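Colleague: I am new to this structure and would like to go through it step by step. Please start wherever suits you.

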Amino acid sequence: MGALIAPIVCNAGGMDLEVSPALTIPSSELGWRFSRSSGPGGQHVNTSDSRVELSWNIGDSAVLSEDQRLLLLQRLGRRLVAGAVTVTASERRSQLRNRELALAKLADLVAEGLAPEPARRRATKPTRGSNRRRLAAKEQRSATKRQRQRPSAE
C-alpha cells in the first residue's frame, strides 16, 4: 500500500476525493457514519463519536467508466457489500483525523484496484554454472555428513 496520503479537494458541497489525476470521487457519492471508537483517548472515547466509516457505492458511481467499474468489482469483490466498499478509521482521537485517514484509505484502495497488473514473470532455466555450483554444494554437504558417520565394522 501507498503512503496513505490522498489529496482532498474542498468545494461548496463538501470534500471530493482525488484518487488519481484522472479520477476524482465527488463528495455526493461518499457515505459517512460515525460511532464510538475503542481506540486511544481515555474517557474521551466514551463520549465522542470519533470512529469513522466511509462507504462508496461502486455500482452506482457516475465517475467510473464501465471498464473501471468492472475492474473494481472484480478486484474488490470480497470487500464489497451490495456493491459498496467500506473503510473504517479509529486510529486517532479526533473525528477529523479519522475522516482524513478514511479518505486516504479509500483512495489507496481504489488506486490499487485500478492499477494495471504487473508483467508476468517468464520462467527461465537455471544456468549451467548455477547448476554446477548447486551440485558442488550438495556434494560438499554429503561429504561433510559422511565424515560424521561412525566407521563401518569391517
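Modeller: This is a predicted model. A good place to start is serine 61, which has 3% relative accessibility.

Colleague: Does serine 61 count as buried or exposed, and in which loop is it?

Modeller: Serine 61 sits in the loop between strand S5 (51–57) and H2. Buried means under 20% relative accessible area. At 3% relative accessibility, serine 61 therefore counts as buried.

Colleague: Which residues does serine 61 touch, not counting those up to four places away in sequence?

Modeller: Residues up to four places away in sequence are set aside here. What remains for serine 61 is Glu29, Trp56 and Arg69.

Colleague: Glycine 59 lies in that loop between S5 and H2 as well. How far apart in space are glycine 59 and arginine 69, C-alpha to C-alpha?

Modeller: Glycine 59 is partly exposed, with a relative accessible area of 37%. Leaving aside neighbours within four places in sequence, glycine 59 is in contact with Arg69 and Gly83. Glycine 59 and arginine 69 are 10 residues apart in sequence, and their C-alpha to C-alpha distance is 6.9 Å.

Colleague: What is the pattern of helices and strands along the chain?

Modeller: The chain has 4 helices and 7 strands. Read along the sequence, they follow the pattern β-β-β-β-α-β-α-β-β-α-α.

Colleague: How do the axes of H2 and H3 lie to each other: roughly parallel or roughly perpendicular?

Modeller: Two packed helices are described by the angle between their axes and the distance between the axes. The axes of helix H2 (residues 66–75) and helix H3 (residues 95–114) come within 9 Å and cross at roughly 105°. Angles of 65 to 115 degrees count as roughly perpendicular. H2 is therefore, relative to H3, roughly perpendicular.

Colleague: Which residues of H3 meet H2, and what classes make up the contact?

Modeller: On the H2 side the residues are Gln68, Leu71, Leu72 and Arg75, and on the H3 side they are Val110, Glu112, Gly113 and Leu114. By class, the contact of H2 with H3 has 4 nonpolar, 2 polar and 2 charged residues.

Colleague: What span should H3 have, and how far apart are its end C-alpha atoms?

Modeller: H3 has 20 residues, and at 1.5 Å a residue they should span 28 Å. The end C-alpha atoms of H3 agree with that, being apart by 28 Å.

Colleague: Is lysine 105 in H3 buried or exposed?

Modeller: The buried residues of H3 include Leu101, Ala104, Lys105, Leu106 and Leu109. Lysine 105 and valine 87 are 18 residues apart in sequence but 6.9 Å apart in space, C-alpha to C-alpha. The relative accessible area of lysine 105 is 19%, which makes it buried.

Colleague: What kind of aromatic pair do tryptophan 32 and phenylalanine 34 form?

Modeller: The structure holds 1 aromatic pair. The rings of tryptophan 32 and phenylalanine 34 are 6.3 Å apart, centre to centre, with 5° between the planes. Tryptophan 32 is partly exposed at a relative accessible area of 25%, and phenylalanine 34 is partly exposed at 31%. Planes under 30 degrees apart count as stacked, so the pair is stacked.

Colleague: Where is alanine 82, and what is its phi?

Modeller: Alanine 82 is in the loop between strand S6 (80–81) and strand S7 (84–89). With a relative accessible area of 73%, alanine 82 is exposed. Most residues other than glycine have a negative phi. Alanine 82 has a positive phi, near 55°.

Colleague: What share of the 154 residues counts as buried?

Modeller: Contacts come into the overall picture too: of those with a separation of 6 or more, 55% are between residues 24 or more positions apart. For burial, the share of the chain's 154 residues is 27%.

Notes: Residues are numbered from 1 along each chain as its sequence is written. This is a predicted model: local features need pLDDT of at least 70, side-chain atom pairs count only at pLDDT 80 or more; totals for chains, interfaces and linings use all residues. Side-chain values use heavy atoms; hydrogens and water are left out. Axes are lines fitted to C-alpha atoms, for helices over the stretch in contact, and angles run from 0 to 180 degrees between N-to-C directions. Helices (H or I, at least four residues) and strands (E, at least two) are DSSP runs, numbered from the N terminus. Angles under 35 degrees count as roughly parallel, over 145 as roughly antiparallel, 65 to 115 as roughly perpendicular and the rest as oblique. Contact means heavy atoms within 4.5 Å. Ala, Val, Leu, Ile, Met, Phe, Trp, Tyr, Cys and Pro count as nonpolar, Asp, Glu, Lys and Arg as charged, and the others, Gly among them, as polar. Buried means under 20% relative accessible area, exposed over 50%, partly exposed in between (1.4 Å probe, protein chains only). The expected span of a helix is 1.5 Å times one less than its number of residues. Rings of Phe, Tyr and Trp (its six-membered ring) pair if their centres lie within 6.5 Å; planes under 30 degrees apart count as stacked, over 60 as edge-to-face and the rest as tilted.
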